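Biologist: Please take a close look at one part of this model for me. Start from a single spot, then work outward and tell me what surrounds it.

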Amino acid sequence: HGYLISSFISPLSNIRQDAYGGSLENRMRYPLEVFAAMRAVWPAEKPMSVRISATDWAGDRGVEGEEAVEIARRFREAWVDIVDVSAGQTSVEARPVYGRMFQTPFSDRIRNEIGIPTMAVGNIYEPDHVNSILMAGRADLVCLARPHLADPYWTLHAAAALGDEATAWPDPYLPGRDQMRRLADRGEGIGIRV
């Protein structure tokens with residue numbers, strides 16, 4: 001996603017004219033060779049994922065729709081366990097369309113069209129976003145990067161805001177957890193919207 005392997009997959013960055021460029025089959029050749037080499041040495045009982053850009057955000061000149069589904073399908077045939085479905089990061093020509101949960105539809109389509117587990121990403125920042133994506137069957141995992149950059153304890157705070165008492169906290173943080181629970185019980189905000 002946005003690096004060497006991705007540069008082979010996207011027709012915007014892969015301008016090769018040999019067996020590794022041109023058609024999707026050729027553009028997937030090197031990424032699948034790398035994946036096969038990694039799969040061969042990775043323990044069979046441990047999952048392997050791959051992150052793909054489901055759109056180059058460049059219209060019909062780049063990866064879009066059906067081709068993204070086909071990319072995921074080819075990785076599935078190579079025994080990937082889950083596809084982390086992102087977008088962009090492949091071309092300076094990209095014109096992303098941002099919004100709340102803006103990349104979730106890509107995960108949804110790949111997951112439900114070919115029946116492979118997916119991870120959803122992209123401007124997911126509230127516990128309710130996570131719950132709605134999972135409950136609607138749009139992804140199997142939800143990844144939140146920026147919320148955790150802003151608050152490394154985002155997951156613990158969200159659990160407290162939702163009234164989850166099963167989530168384990170590090171012992172030194174238990175007084176903070178207890179305070180968050182008391183504030184939540186009184187209806188006072190604790191920085192996470194639910």
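Modeller: Met101 sits in the loop that links strand 2 to helix 4 (104-114). Keep in mind throughout that this is a predicted model. The backbone of Met101 has phi near 55 degrees, a positive value in a residue that is not glycine. Is Met101 buried or exposed? Its relative accessibility is 12%, and the cut-off for buried is under 20%, so Met101 counts as buried.

A second loop makes a useful contrast. Trp79 lies between helix 3 and strand 2. Phi of Trp79 is also positive, near 80 degrees, and again the residue is not a glycine. Its setting is another matter. Trp79 has a relative accessible area of 65%; exposed means over 50%, so Trp79 is exposed. Strand 2 is named in both loop positions: Trp79 is in the loop between helix 3 and strand 2, and Met101 is in the loop between strand 2 and helix 4.

That makes strand 2 the next stop. Strand 2 covers residues 82-86. How many of its residues are buried? The count is 5 of 5, and the strand is mostly covered. Its side chains split into two sets. Ile82, Asp84 and Ser86 point one way, while Val83 and Val85 point the other way. Both sets are buried, Asp84 included. The general pattern helps here: in a regular strand, side chains alternate between the two faces of the sheet.

Now the partner. Strand 1 and strand 2 pair in the parallel sense, over 5 bridges. In general, strands of a sheet pair through backbone hydrogen bonds, parallel or antiparallel. Two pairs of residues place strand 1 against strand 2. Ser49 stands opposite Ile82, and Ser53 has Ser86 as its bridge partner.

These strands belong to a wider sheet. The sheet is open, has 4 strands in the order 1-2-3-4, and its pairing is parallel. Which strands form the edges? They are strand 1 (49-53) and strand 4 (141-142), each pairing on one side only. Helix 3, residues 65-77, lies across strand 1 and strand 2. Helix 3 runs at about 165 degrees to strand 1.

Next, the pockets. The largest holds about 550 Å³ of space. It is lined by 24 residues. Those nearest its centre are Arg51, Ser86, Gln103, Gly122 and Arg146. Ser86 is thus a link back to strand 2: it is the bridge partner of Ser53, and it is among the residues nearest the centre of this pocket. Helix 6 (residues 146-150) gives the largest share of the lining, 3 residues. By class, the lining has 14 nonpolar, 8 polar and 2 charged residues.

The second largest pocket has a volume of about 250 Å³. Its lining comprises 20 residues. Nearest the centre are His1, Ile5, Val50, Arg51 and Phe75. Arg51 is in the central group of the largest pocket and in that of the second largest pocket. Strand 1 gives the most to this second lining, with 5 residues. Helix 1 (4-9), helix 2 (24-41), strand 1 and helix 3 each supply at least two. The class count here is 12 nonpolar, 6 polar and 2 charged.

Helix 1 deserves one more look, through Ser7. At 27% relative accessibility, Ser7 counts as partly exposed. Beyond its neighbours within four places in sequence, Ser7 contacts Ser13 and Asn14. Gln89 is 82 residues away along the chain, yet the C-alpha atoms of Ser7 and Gln89 are separated by 9.5 Å.

Two later helices round off the tour. Ala158 is in helix 7 (residues 154-161). Its relative accessible area is 4%, so Ala158 is buried. Pro127 is 31 residues from Ala158 in sequence, and the two C-alpha atoms are 6.2 Å apart. Gly176 is in helix 8 (residues 174-185). It is partly exposed, at 32% relative accessibility. From Gly176 to Ala36 the C-alpha separation is 46 Å, across 140 residues of sequence.

Technical notes: Residues numbered from 1 in each chain as written. Predicted model: local features only at pLDDT ≥ 70, side-chain atom pairs only at ≥ 80, totals over all residues. Heavy atoms only, no water. Pairing = 2+ DSSP bridges. Contact = heavy atoms within 4.5 Å. Axes fitted to C-alpha atoms, helices over the stretch in contact; angles between N-to-C directions. 1 Å grid on protein atoms, 1.4 Å probe; cavity = no way out; pocket = protein on both sides within 12 Å on 5 of 7 lines; lining within 4 Å. Points joined across faces, edges and corners; volume = space filled by probe spheres on them. Nonpolar A, V, L, I, M, F, W, Y, C, P; charged D, E, K, R; others polar. Buried < 20%, exposed > 50% of the residue type's maximum accessible area, 1.4 Å probe, protein only.
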